[in-house]
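Please walk through the charged side chains of this protein, looking at which of them pair up and how far each is open to solvent.

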Amino acid sequence: MRRARGELLVLKPRRFDFERGTLTVAESYQLIDEQNVPTDPKTPKSNRVIAMPRFFAEEMEAFLSTLD
């Protein structure tokens, strides 16, 4: 669960591909010297592309459009 939270905290809008309905996970947060620092994942398997359910992709696209 800790890994999932670290990946969630560093998500960036550019990682969402709404045309393909995917999300790329390519970073994580780690606690280094008592500070959260974005880092590369610990293992190559941690870099991955995840298929998003359609409802989630639609909600995220609508949400991210409000940030522009």
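Glu27 is buried in this predicted model, because its relative accessible area is 17% and the cut-off for that class is under 20%. The side chain of Glu27 nevertheless has a charged partner, since Lys12 and Glu27 meet in a salt bridge with an N to O distance of 2.5 Å. This pair links distant parts of the chain, 15 residues apart: Lys12 lies in the loop between helix H1 (2-9) and strand S1 (16-17), whereas Glu27 lies in the loop between strand S2 (22-25) and strand S3 (28-32). Lys12, for its part, counts as partly exposed, with a relative accessibility of 26%.

A second contact joins the side chains of Arg20 and Asp17, which form a salt bridge at 3.3 Å, again taken from N to O. Arg20 is exposed at 68% relative accessibility, while Asp17, at 24%, counts as partly exposed.

Within helix H2 (residues 54-65), Glu58 and Arg54 are placed 4 residues apart, about one turn of the helix, and their side chains meet in a salt bridge of 3.1 Å, N to O. Arg54 counts as exposed at 68% relative accessibility, and Glu58 is partly exposed, having a relative accessible area of 45%. Elsewhere, salt bridges that share partners bring Lys12, Arg15 and Glu27 together into one network, so that the buried Glu27 belongs to a joined group of side chains. The count of salt bridges in the model comes to 4.

Conventions. Residues numbered from 1 in each chain as written. Predicted model: local features only at pLDDT ≥ 70, side-chain atom pairs only at ≥ 80, totals over all residues. Heavy atoms only, no water. Helix = DSSP H or I, 4+ residues; strand = E, 2+ residues; numbered from the N terminus. Buried < 20%, exposed > 50% of the residue type's maximum accessible area, 1.4 Å probe, protein only.
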